[in-house]
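User: I have a model open and want to know what backs each label put on it. Please take me through the reasoning.

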Amino acid sequence: MNSDKKLTARRLLIFLAVAFVPFYIIIPVMWAYFGEPIFASENETVMIATSVVGVFGMMIPSFANLITRLVTKEGFGSSYLGLNCKGKMGYYIASVLVPLGYSVLSVLVMWALYMGGMSFSDAFEPLGMQNTGLFLMQLAFSVIVFFPAFGEEWGWRGYMMPKLMELMPKPAAVIAGGVIWGLWHAPLTVAGHNFGVDYPGYPFVGIGLMCVMCTVLNAFLTLITEKTKSVYPAAFCHAVNNNLGFGVLFSGLGTEKAQEKMTEMSGVSTILPYIAILGAVGIASFVLLVRDKDKKEAARQKEAA
Amino acid sequence: MSGLLYKNFRINRSSLIFALIIQVLCCAVILLVCFFQGGKPFEEEGANTAVFIFSLLYFLGSWLPAMATSEIFRTDEGKTACSFAMSLPAGAKGHVESKYYFILIENIIILFIGFITDTLTFAMTGGTVSMTIFIMFVFCWRMMISSVEIPFMIRFGSQRGMSIKGAVVGIILMLGWLWFLFGDIWFILDSEDPIAAFMEFMQSGDIAFWLSLFPYVSIIMYYLSCRISVKLYRKGAETYEQ
């Protein structure tokens with residue numbers, strides 16, 4: 001390993017340490033304090049505490065990015081903070097439309113798979129003016145959710161991924177980055193975030209699924225970040241993904257009957273269609289990322305010839 | 001563009017600091033109220049009053065800095081400054097766009113402070129008070145007002161631009177007043193808790209749809225305003241004093 005790579009690896013390790021430590025301390029402490037898995041709790045006080053921890057916790061990777069740059073005197077070159085939207089508007093639009101698309105598709109697949117013959121009109125509220133308004137309002141609300149989403153993205157896509165891509169080939173970097181991102185969520189997953197605590201194979205299946213989900217989403221987020229050399233499209237995508245994910249869409253548009261049916265199922269099985277569709281998006285992004293590298297190499301070889 | 005942005009931050013440092021201090025002060029008052037509440041949830045009526053007072057403070061925190069928008073343009077109003085701006089590689093387009101970016105960044109910072117305050121307020125009041133949607137609407141409102149006033153400031157100078165903004169706000173307030181006088185608002189006036197009745201009205205029926213369009217309209221208006229201002233800049237520069 002040459003000295004440049006050694007330095008990159010050292011910076012990456014510092015970043016990961018700063019990003020990982022807070023959650024791995026705060027969540028067990030809160031669990032011990034409240035005496036139950038905090039993200040699966042139905043106690044109102046605990047729910048409020050977890051939502052605040054969620055908002056501030058999402059900003060930890062950005063904080064880690066900032067700290068690492070300052071401690072290692074790296075400076076703020078290639079910080080991915082520019083907009084770079086000239087000729088790249090397509091990626092900005094995709095960053096909103098793609099998460100919306102896969103969320104809507106996941107809801108439809110969920111209805112087809114799990115609603116056992118329930119008609120569409122029985123499963124979903126009619127899309128009148130009020131529901132459309134609520135949907136649009138929720139989408140606009142992404143402006144606010146953008147802050148915590150940016151908090152994660154500036155750390156993962158704006159710092160970790162470029163460093164990983166320096167250290168290893170792109171495909172390996174995308175997988176490693178996704179797994180690291182998934183493991184960062186592990187304390188939350190163990191505490192019942194996303195899947196609850198009542199599923200077979202708890203908590204390892206949940207952690208594994210989170211790693212898979214993060215890896216496929218990481219492929220798309222890395223693609224739009226690398227194409228635009230900006231972290232904002234990834235932050236928009238993350239904001240829409242969190243704000244209008246299939247769960248939010250289902251609880252907003254599903255009828256009471258449909259939601260009751262969903263509650264009967266375990267968190268893991270409801271999320272499977274979402275992971276499958278997200279997987280398709282991830283594979284497509286992965287191919288585009290790798291093909292882009294092949295094209296660049298071919299152009300470089302042609303230039304050299 | 002980053003150079004022009006840096007220039008804007010340097011020149012308008014004082015107005016930016018003023019904006020941030022106002023917003024921080026308003027947010028500090030909100031947090032103090034919640035702190036003296038002793039971490040207990042508000043009762044229903046108390047929560048409605050808190051929502052009303054907090055909305056005024058959030059609005060004030062965001063609105064007062066808007067008064068300083070004209071300063072951002074006044075600093076560059078002059079034939080020499082305009083000729084210099086147009087001679088730069090980014091040209092008039094870059095010069096005008098950098099002002100729009102500056103105002104957007106300033107508003108985003110103010111929105112961020114509001115968001116953090118709201119998250120803390122939510123926790124401190126046991127989830128009884130959340131103003132996130134209101135904060136977002138104030139942000140959109142500021143974007144909309146900026147998108148109306150800036151083209152006039154660019155074309156006719158900051159003084160006239162300010163007057164036109166005043167007129168626009170005046171018309172909006174007058175329309176609101178007319179609605180208050182002649183509109184169908186018996187359900188608010190007859191209610192025991194008018195604030196709660198108003199909140200219910202805003203969340204009900206078709207009004208949710210029209211309200212939901214507001215953020216999108218404000219973003220589109222801001223973008224279009226920037227395009228128009230770029231076109232107007234050259235004409236405006238001819239009318240500036242030396």
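**How the two chains meet**

Analyst: This is a predicted model. In it, 17 residues of chain A are in contact with 19 residues of chain B.

User: What makes two residues count as in contact?

Analyst: Their C-beta atoms, placed from the backbone, must lie within 7 Å. Helix 6 (129-140) of chain A, along with helix 2 (44-57) and helix 7, supplies at least two residues of the side that touches chain B. Helix 6 gives the most, with eight residues.

User: How many residues on that side of chain A are nonpolar, polar or charged?

Analyst: Twelve are nonpolar, four are polar and one is charged.

User: What makes a set of residues a nonpolar core?

Analyst: The members are buried residues of nonpolar types such as Ala, Ile, Met and Phe, joined through C-beta atoms within 7 Å. The largest such core has 109 residues. Phe146(A), Ala235(A), Ile135(B) and Met136(B) have the most contacts inside this core. Helix 7 (residues 142-167) of chain A brings the largest share, 14 residues. A second, separate core of six residues includes Ile27(A), Phe39(A), Val46(A) and Leu188(A).

User: Which residues does Phe146(A) contact beyond its neighbours within four places in sequence?

Analyst: Phe146(A) is in contact with Ala235(A), Phe236(A) and Ala239(A).

User: How do you know that the span of helix 8 of chain A is close to the expected one?

Analyst: Helix 8 (residues 170-184) has 15 residues and reaches 21 Å from its first C-alpha to its last. The expected value at 1.5 Å a residue is 21 Å. The two agree closely.

User: Why are some residues of helix 8 called buried?

Analyst: A residue is called buried because 20 or more other C-beta atoms lie within 10 Å of its own. In helix 8 of chain A, Ala173(A), Val174(A), Gly177(A), Gly178(A), Ile180(A), Trp181(A), Gly182(A) and Trp184(A) are buried. In chain B, buried residues make up 33% of the 242 residues.

User: What elements does chain B have?

Analyst: Chain B has eleven helices and zero strands. Its C-alpha trace spans about 60 × 40 × 25 Å along the principal axes. Of its contacts with a separation of 6 or more, 83% join residues 24 or more positions apart.

User: Where in chain A is confidence lowest, and where is it highest?

Analyst: Helix 14 (residues 267-304) of chain A is lowest, at a mean pLDDT of 80. Helix 3 (residues 60-71) of chain A is highest, at 95. The mean for chain A is 88, and 97% of its residues reach 70 or more.

Note on methods. Residues numbered from 1 in each chain as written. Chains lettered and ligands numbered in written order. Predicted model: local features only at pLDDT ≥ 70, side-chain atom pairs only at ≥ 80, totals over all residues. Buried ≥ 20, exposed ≤ 12 C-beta atoms within 10 Å, placed from the backbone. Helix = DSSP H or I, 4+ residues; strand = E, 2+ residues; numbered from the N terminus. Expected span 1.5 Å × (residues − 1). Nonpolar A, V, L, I, M, F, W, Y, C, P; charged D, E, K, R; others polar. pLDDT = per-residue confidence, 0-100.
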